[in-house]
Amino acid sequence: MEKIEIPICVFLLIQVALVYGVHIHQANIWPMPNFVSYGDKIRFISNAFELKTEGSKFGDASGILKDGFSRLMDIVKLDHVIDANLSLFEQSAVLGGINVAIASPSSELQHGVDESYKSIVPSPREQAYARLEAPTVYGALHGLQTFSQLCHFNYRTRAIEVKLAPWTVIDLPRFPYRGLLIDTSRHYLPLPVIKSVIDSMVYAKLPVIFALKPHLFLSLILRGVGYPSLWPSANCTQPLDVSNEFTFKLIDGILSGRISKTFSNLDSSIWVVMKLIQYFVLRAQKIALLHGYEIVNWLEIGVPECAVVAGLRCIVSNQDKWYLDHLDSTWDQFYMNEPLTNITQPKQQALGEHIDASDIQQTIWPQAAAAAERLWTTYDKLAKDPREVIGRLAHFKCLLNQRGIAAAPLAGYGRVAPEDPGSCYKQ
């Protein structure tokens, strides 16, 4: 019996068309900016779209802005065949580039750096260009990411289009510290995988990644480094023997140059009944401080109010809401989790009991995107009902897929598979 192959090919083509044939009729920007306005016109991206820096005080000696613009063009063009004959359109509708004006000449990156920006497409001063203004280069990089979400490939005209022009976006983050913590110990994560995670975080304006090495010293032992003398007994390999002076000599040696942070994984009930843990933690912290490290104590029970009252900085990641490896949590639970008002450093966590290189991206996304908007967007702009943002988040999830990020469908729990055939935007 003759095999029927052509209908299968047609079916696949239909699926691709459904994925990419979305109609742009609203501000599908994620995370939602502080202020956004748009019109009803179309602008076309020139095949020679360029970066200009007229009026900028940032010299870009390190190439940060140039590299950011290059990445912008890569994710906008992807593998599309862009060969539109732009001469057929009114030249006033063609954008020849983007002019980025940065107020600060410095590229110093530190906690609290100004990440705000203002984007106007097209520029009222020069209609042939978009304009991006920012106090720092890091705000400008966020502005470039937002601009990338305004660009869409038209399969009929084979042109990159900016629909709903003119655009005005004024934006800044709600929290200065937003990030992702990944567990690189329980399952080994190759460096290219971690770099891919970092690239995906940029799309959601998450600037901080923290690679956690839980039970670092125990891990060294169990992987065959060979310190059985640190075990409490031959049948008990953990916790480390705090009565052994060599335990602290080993910690001192490790902290002298092979890791950048030390975490103390504490359980509140054990803290009360086991004075040896307190002794170990305080002494290990003293060693870390001597080597110039900043100490972060990790309390599984949450953030005590007394820590906030004392004026201490806290990193929030609710175990029941923002642990990405809790696969029974849905994206709307991530979205509606409001950090404590007196906590200013939230973070999501991807612990590695059930995560390795094969599934880390679909574990992180789209749940982390939901939390990212909660951390970026001003409180008054956040949706009070997650159903209000499902279409926009679905658009962002599909955008991640187009950019090679294996984000999972929205429907269902974390890391769920698509239920039925159909458009990416309906999953």
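Strand S4 and strand S5 (residues 129-134) are paired antiparallel through 3 bridges. Within this pairing, isoleucine 120 has arginine 131 of S5 as its bridge partner. The model is a predicted one.

S4 has a second partner, strand S8 (residues 167-171), and the two run antiparallel with 5 bridges between them. Here serine 119 is placed opposite valine 169 of S8. Strand S4 itself spans residues 117-121, and 4 of its 5 residues are buried, so the strand is largely enclosed by the rest of the structure.

These strands belong to an open sheet of 8 strands, in the order S1-S8-S4-S5-S3-S2-S7-S6, with mixed pairing. Strand S1 (35-37) and S6 are the edge strands, each of them pairing on one side only. From one strand to the next the twist averages 30°. Elsewhere in the sheet, strand S2 (residues 41-52) pairs with S7 in the antiparallel sense, over 3 bridges. One of the residue pairs there is lysine 41 with alanine 165, its bridge partner in S7.

The antiparallel pairings described above are listed here.

| Strand pair | Bridges | Residue pair |
|---|---|---|
| S4 and S5 | 3 bridges | isoleucine 120 and arginine 131 |
| S4 and S8 | 5 bridges | serine 119 and valine 169 |
| S2 and S7 | 3 bridges | lysine 41 and alanine 165 |

Threonine 157 sits in the loop that lies between strand S6 (151-154) and strand S7 (159-165). Is this loop residue buried or exposed? Threonine 157 has a relative accessible area of 16%, under the 20% limit, and therefore counts as buried. Setting aside residues up to four places away in sequence, threonine 157 touches Ala84 and Phe89. Isoleucine 82 is 75 residues from threonine 157 in sequence, while the C-alpha to C-alpha separation of the two is 8.8 Å. The side chain of threonine 157 also makes a polar contact of 3.4 Å with the side chain of glutamate 161.

The next topic is a helix pair. Helix H2 (residues 64-77) and helix H3 (residues 137-150) have axes that come within 10 Å and cross at roughly 10°. Because that angle is under 35 degrees, H2 counts as roughly parallel to H3. On the H2 side the contact involves Ile64, Leu65, Gly68, Phe69, Leu72, Ile75 and Val76; on the H3 side it involves Val137, Tyr138, Ala140, Leu141, Leu144, Gln145, Phe147 and Ser148. Sorted by class, the contact of H2 with H3 contains 12 nonpolar residues, 3 polar residues and no charged residues.

Serine 148, a residue of helix H3, is buried at 2% relative accessibility. Which residues does serine 148 contact beyond its neighbours within four places in sequence? They are Leu72, Ile75, Val76 and Arg403. With arginine 403, serine 148 forms a side-chain to side-chain polar contact of 2.9 Å. A polar atom of the serine 148 side chain also lies 2.5 Å from the backbone oxygen of glutamine 145. Both glutamine 145 and serine 148 are among the H3 residues that meet H2.

Technical notes. Residues are numbered from 1 along each chain as its sequence is written. This is a predicted model: local features need pLDDT of at least 70, side-chain atom pairs count only at pLDDT 80 or more; totals for chains, interfaces and linings use all residues. Side-chain values use heavy atoms; hydrogens and water are left out. Axes are lines fitted to C-alpha atoms, for helices over the stretch in contact, and angles run from 0 to 180 degrees between N-to-C directions. Helices (H or I, at least four residues) and strands (E, at least two) are DSSP runs, numbered from the N terminus. Angles under 35 degrees count as roughly parallel, over 145 as roughly antiparallel, 65 to 115 as roughly perpendicular and the rest as oblique. Contact means heavy atoms within 4.5 Å. Ala, Val, Leu, Ile, Met, Phe, Trp, Tyr, Cys and Pro count as nonpolar, Asp, Glu, Lys and Arg as charged, and the others, Gly among them, as polar. Buried means under 20% relative accessible area, exposed over 50%, partly exposed in between (1.4 Å probe, protein chains only). A polar contact is a pair of N or O atoms within 3.5 Å; within protein, one must be able to donate a hydrogen and the other to accept it, and residues adjacent in sequence count only if both atoms are side-chain atoms. Two strands pair if DSSP finds at least two bridges between them.
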